[in-house]
Amino acid sequence: MALRLVADFDLGKDVLPWLRAQRAVSEASGAGSGGAGVLENDYESLHVLNVERNGNIIYTYKDDKGNVIFGLYDCQTRQNELLYTFEKDLQVFSCSVNSERTLLAASLVQSTKEGKRNELQPGSKCLTLLVEIHPVNNVKVLKAVDSYIWVQFLYPHIESHPLPENHLLLISEEKYIEQFRIHVAQEDGNRVVIKNSGHLPRDRIAEDFVWAQWDMSEQRLYYIDLKKSRSILKCIQFYADERYNLMFEVPLDISLSNSGFKLVNFGCDYHQDRDKFSKHLTLCVFTNHTGSLCVCYSPKCASWEQITYSVFYIHKGHSKTFTTSLENVGSHVTKGITFLNLDYYVAVYLPGHFFHLLNVQHPDLICHNLFLTGNNEMIDMLPHCPLQSLSGSLVLDCCSGKLYRALLSQSSLLQLLQNTCLDCEKMAALHCALYCGQGAQFLEGQIIQWISENVSACHSFDLIQEFIIASSYWSVYSETSNMDKLLPHSSVLTWNTVLSFKGYWEKLNSNLEYVKYAKPHFHYNNSVVRREWHNLISEEKTGKRRSAAYVRNILDNAVKVISNLEARNLGPRLTPLLQEEDSHQRLLMGLMVSELKDHFLRHLQGVEKKKIEQMVLDYISKLLDLICHIVETSWRKHNLHSWVLHFNSRGSAAEFAVFHIMTRILEATNSLFLPLPPGFHTLHTILGVQCLPLHNLLHCIDSGVLLLTETAVIRLMKDLDNTEKNEKLKFSIIVRLPPLIGQKICRLWDHPMSSNIISRNHVTRLLQNYKKQPCILSKDMTMWMQNL
């Protein structure tokens with residue numbers, strides 16, 4: 001399947017055995033159940049309550065006496081810890097623990113079992129407590145009300161030392177959010193107590209909202225309030241000290257006026273499965289480290305025959321709405337679609353019906369999205385229960401008590417790339433596979449192997465071109481957050497600005513500024529390189545050339561690229577690439593280094609020049625390495641050897657296959673004006689001479705498909721004898737050579753025709769000199785006539 005859910009935590013495996021061991025120890029000591037054990041028939045009371053920012057998982061269960069027990073699973077040490085036992089038969093609704101594990105906040109409701117009703121404060125249904133647990137000491141009632149209350153401790157980003165003040169959010173069903181400031185003090189060694197527990201300062205963070213979401217990883221609160229029936233999304237960022245800032249307000253084109261009350265990621269949604277909490281409405285906000293911000297929304301469904309969902313790409317300034325018809329609706333019991341945050345992608349799926357993978361970094365290219373429907377095994381293997389998407393690609397299944405890490409499956413994507421008939425799915429699978437396998441040479445090798453066998457598999461785009469551009473992009477993508485704005489990732493090509501902040505907010509602001517002002521695109525292209533390269537080649541033909549220092553600097557750039565490329569690949573190459581000068585390709589390579597470096601320097605403010613230079617070398621080296629790798633893969637596949645480079649026989653089917661793949665590489669690079677490895681044109685021409693009939697060969701030369709290099713022509717002149725057929729070939733080649741190379745080649749061919757060409761060239765030069773210097777030539781002519 002395209003999506004793999006790898007279990008990071010499982011109540012049945014990571015907690016239950018520990019609880020049984022605790023019970024066995026307790027019974028052996030004669031202490032009975034002791035409150036820490038769990039019976040087999042009590043397993044159904046064991047469930048996850050919350051996942052904190054540091055990854056620790058809070059769970060609860062009831063012992064055989066009905067006592068409520070809180071436990072914590074440390075994700076780093078993979079150890080369990082008993083936090084607190086509440087000796088009353090109440091139902092835990094929400095829970096959170098501070099980062100030092102000294103304070104526990106919990107909301108509990110009266111049990112619904114007959115005969116188990118507890119007497120809380122009159123008129124109250126929910127009891128919210130603050131407990132000192134290091135060691136167990138005081139219990140303070142924060143709220144005793146007839147409405148549900150959710151609790152969540154804030155976790156400061158700087159955790160090197162305990163802070164003297166803890167911050168606790170209380171979220172009320174009555175549509176307000178408060179922050180309690182809790183001062184703690186250390187007494188008698190490790191004993192931590194609450195100072196001034198009689199009066200805890202509090203702030204009203206938000207009110208009159210209809211939806212809220214907590215981002216545990218980045219400590220952000222998103223919420224929506226209604227102003228004149230408009231849904232306004234707001235975001236509050238919390239910091240390590242008392243500060244919190246309203247970061248933005250943005251209107252959303254959705255209607256929540258009749259949708260009730262909904263919370264996301266404030267612990268597990270056990271009590272939100274009821275109708276009053278709008279189980280069919282799905283709304284969530286996803287962010288990632290690149291500065292993207294997406295709002296995913298699916299309204300209540302009147303009928304399961306058709307489903308609609310929208311994705312607001314806030315960082316790009318636009319949105320998309322998707323509608324799909326469902327087949328065999330009665331085949332599965334569904335509870336609504338699920339949105340999952342996969343960093344660079346957002347996954348939307350309805351178990352048993354469809355799986356939609358959306359590229360949120362480049363949402364303008366629909367062909368980079370993957371949509372699978374029907375009985376595809378990739379979607380049938382996904383869980384059919386509701387999943388809760390947390391930060392960092394974590395997914396919580398509250399029903400089973402499992403915490404998964406959602407990963408894209410490279411093997412499934414490669415299988416889809418190889419088997420699908422649709423170009424759009426090939427495009428999406430290729431990009432997604434390269435994304436989730438960044439830097440994996442084995443993955444690139446598999447893709448190259450498939451491309452070499454299916455070079456004509458795609459009709460709407462050039463497969464080699466797309467692979468080279470995308471793979472080179474991913475090779476340097478992690479160097480800076482702005483790389484997606486500066487380099488092309490594919491061959492297929494109103495909001496108030498937030499305040500000036502660092503980290504995520506700085507990157508989001510950069511995205512918004514890019515959307516607002518990026519005309520024309522910041523993406524690098526080789527148009528300047530193309531123009532300058534043609535100028536240099538033209539000057540070379542006419543005998544004129546720029547200053548020696550200028551050309552030497554360009555060629556020095558090429559030397560650095562080749563050195564960088566050879567340093568990355570220490571293994572031997574079968575193909576004779578990178579082994580000759582090929583001054584034209586080195587000029588192109590060096591010019592690309594200069595232009596790309598200037599491009600980065602203009603747009604990457606604050607990045608060291610040395611780092612930029614290395615990024616440029618890595619990027620161009622990657623381009624060349626991919627081309628070498630494709631040729632090498634085809635060469636090895638067809639078991640070619642060094643004797644291929646001699647003109648001693650007609651080309652075989654294997655040689656023609658390599659010639660074909662090289663021709664496709666040439667087509668892909670020519671339209672983008674990318675450099676080729678020195679030696680590429682020589683090898684291509686040699687294979688062309690061996691594989692093509694003479695008229696086809698000459699047509700390829702005249703149309704620019706084959707470029708006659710000095711190395712290839714010298715080898716041709718030396719290897720072929722002077723039969724009538726070969727003479728015709730040699731003469732056809734010589735007359736198509738540039739004059740300077742042609743004169744050199746003629747001197748190597750011991751043949752009357754070659755002597756004739758040399759004589760003609762000599763007479764032509766004499767006549768040219770005669771026209772340039774008529775006086776001198778006329779005097780010579782007069783003396784010659786007098787001597788007759």
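Helices here are DSSP runs (H or I) of at least four residues, numbered from the N terminus. One of them, α13, is followed by F673, which has a positive phi near 55°. Keep in mind that this is a predicted model. The average pLDDT of the protein is 82, and 81% of the residues reach at least 70.

**How confident the prediction is**

- Strand β10 (residues 149-153) has the highest mean pLDDT among the elements of the protein, at 95. At the other end sits helix α20 (residues 774-786), whose mean of 48 is the lowest.
- Residues 114-118 drop below a pLDDT of 50, and this stretch has seven contacts in the model beyond near neighbours in sequence.
- Residues 272-279 also fall below 50, and here the model has 23 contacts beyond near neighbours in sequence.

**The sheet that starts with β1**

- Four strands make up an open sheet, in the order β1-β30-β29-β28, and their pairing is antiparallel.
- The edges of this sheet are β1 (3-10) and β28 (388-389), each of which pairs on one side only.
- β1 and strand β30 (residues 402-408) run antiparallel and are joined by seven bridges. Within that pairing, V6 stands opposite R405 of β30.
- As background, side chains in a regular strand alternate between the two faces of the sheet.

**The β2-β3 hairpin**

- Strand β2 (residues 47-51) is largely enclosed by the rest of the structure, because five of its five residues are buried.
- Its partner is strand β3 (residues 57-62): the two run antiparallel and share four bridges. Look for V48 and you'll find that its bridge partner in β3 is Y59.
- Five residues lie between the strands of this hairpin, and G55 takes a positive phi near 90°.

**Helix α9**

- Helix α9 (residues 527-541) has 15 residues, which should span 21 Å at 1.5 Å a residue; its end C-alpha atoms are 22 Å apart, so the two agree.
- Its buried residues are V529, E532, W533, L536, I537 and E539. They cover an arc of only 160° around the axis, so they sit on the same side of α9.
- Here's a handy rule: an α-helix has 3.6 residues a turn, so residues three or four places apart point the same way.
- Turn α9 around and the face away from its buried side carries the exposed residues R531 and K541.
- Among the elements covering the buried residues of α9 are α10 (548-568) and α11 (583-603).

**Helix α13**

- Helix α13 (residues 653-672) passes a similar length check: its 20 residues should span 28 Å at 1.5 Å a residue, and with 29 Å between its end C-alpha atoms, that agrees.
- The buried residues of α13 include V658, F659, I661, M662, I665 and L666, along with E655 and R664.
- Its buried residues are covered by elements including α5 (441-453), α6 (463-476), α12 (609-637) and α14 (680-691).

**Cysteines**

- You'll find zero disulfides in the structure. C268 is in none: the nearest cysteine sulfur belongs to C398 and is 3.3 Å away. A disulfide needs the two sulfur atoms within 2.5 Å, so that pair doesn't count.
- C268 has a relative accessibility of 6%, so it counts as buried. C628 is buried too, with a relative accessible area of 0%. The cut-off for buried is under 20%.

Conventions. Residues numbered from 1 in each chain as written. Predicted model: local features only at pLDDT ≥ 70, side-chain atom pairs only at ≥ 80, totals over all residues. Heavy atoms only, no water. Buried < 20%, exposed > 50% of the residue type's maximum accessible area, 1.4 Å probe, protein only. Pairing = 2+ DSSP bridges. Expected span 1.5 Å × (residues − 1). Arc of directions from axis to C-beta. Contact = heavy atoms within 4.5 Å. pLDDT = per-residue confidence, 0-100.
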